[in-house]
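User: I would like a close look at a single part of this model, namely the packing of one pair of neighbouring helices and the core to which they belong. Please take it step by step and place it within the chain as a whole.

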Amino acid sequence: MHVQEWLDTVPAAAVYVVVALVIGLESLGIPLPGEIILVSAALLSSQHGGIDPVVLGACASAGAVIGDSIGYAIGRKGGRPLLAWLGRKFPKHFSEGHVATAERSFQKWGMWAVFFGRFVALLRIFAGPLAGVLRMPYWKFLIANVLGGIVWAGGTTAVIYYVGVVAEDWLKRFSWLGLVVAVLIGIASMLIVKRRASKAQQTPEPVTAGE
């Protein structure tokens, strides 16, 4: 079942809990679709009077901040062996290459890596545990964590909510003919992009001298 359809079947209070829990676990370091859940819930709030977008954004922000803080504590205590263990358990997300990429980002950007990591799926999972492993001062981590969590969770909720409201109002006024045309344009665009991507994959890479 689609995420939004599933969320529509549970009470509003449960939606708040699910969003906070999934985002919190993702921020803690467990690879879960936190952003998909948040976007689906925010879109649902634009169509469902029982779900308050302000409460939803607050719950998402709380889950993000608390989850990241727990991840930081676990990373600080577990150190490098923790990353090695995660790499064995979740090789797709915690491979040596991903860990190295995230670590370079932290070493280069520091607090900004925690803040902007909220907006990048890979860093969103890594931010808390890796900041703890690298022993970033907690006060720096906390400032970036709180600001990043509020801006990402609150901002995403607000943007998706208003987009949903506008889209619903627009579709109500839209003629069926116009809707069909819009769908056909969307399908055609998707097919064109897919075809170009397929051609790009089939194009052989140039061989450099000495290979």
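Analyst: What follows begins with the chain, turns to the helix pair and its core, and ends with one buried residue elsewhere.

The model is a predicted one, and its secondary structure comes to 9 helices and 0 strands, so that, read along the sequence, the pattern is α-α-α-α-α-α-α-α-α. Of the 211 residues in the chain, 36% are buried. Among contacts between residues at least 6 apart in sequence, 77% join residues at least 24 apart.

The pair in question is helix α2, residues 12-28, and helix α3, residues 34-45, whose axes come within 8 Å and cross at roughly 155°. Because angles over 145 degrees count as roughly antiparallel, α2 and α3 are therefore roughly antiparallel to each other, and their crossing is left-handed. On the α2 side the contact is made by V15, V18, V19, V22, I23 and E26, which meet G34, E35, I37, L38 and A41 of α3. By character, the residues of this contact divide into 8 nonpolar, 1 polar and 2 charged.

Several of these residues reappear in the largest nonpolar core, which has 18 residues and in which V19, I23, L38, A41, L56 and A60 are those with the most contacts. At least two residues of this core come from each of α2, α3, α4 (53-89) and α8 (138-173), and α2 gives the most, with 6 residues. L56 shows how such a residue is surrounded: leaving aside its neighbours within four places in sequence, L56 is in contact with Y16, V19, A41, A42, S45 and T157. Apart from this core lies another, of 17 residues, among them V99, A113, F115 and V133.

Helix α8 also holds N145, which deserves a separate word. With a relative accessible area of 1%, N145 falls under the 20% limit and is therefore buried. Beyond its neighbours within four places in sequence, the contacts of N145 are with A64, V65, D68, S69, V114 and R118. One of these partners, A64, is 81 residues away from N145 in sequence, yet the two C-alpha atoms are 8.2 Å apart in space.

Terms used:
Residues are numbered from 1 along each chain as its sequence is written. This is a predicted model: local features need pLDDT of at least 70, side-chain atom pairs count only at pLDDT 80 or more; totals for chains, interfaces and linings use all residues. Side-chain values use heavy atoms; hydrogens and water are left out. Axes are lines fitted to C-alpha atoms, for helices over the stretch in contact, and angles run from 0 to 180 degrees between N-to-C directions. Helices (H or I, at least four residues) and strands (E, at least two) are DSSP runs, numbered from the N terminus. Angles under 35 degrees count as roughly parallel, over 145 as roughly antiparallel, 65 to 115 as roughly perpendicular and the rest as oblique. A crossing is left-handed if the near helix is turned anticlockwise from the far one by less than a right angle, and right-handed if clockwise. Contact means heavy atoms within 4.5 Å. Ala, Val, Leu, Ile, Met, Phe, Trp, Tyr, Cys and Pro count as nonpolar, Asp, Glu, Lys and Arg as charged, and the others, Gly among them, as polar. A nonpolar core is a set of buried Ala, Val, Leu, Ile, Met, Phe, Trp, Tyr and Cys residues joined through side-chain atoms within 4.5 Å. Buried means under 20% relative accessible area, exposed over 50%, partly exposed in between (1.4 Å probe, protein chains only).
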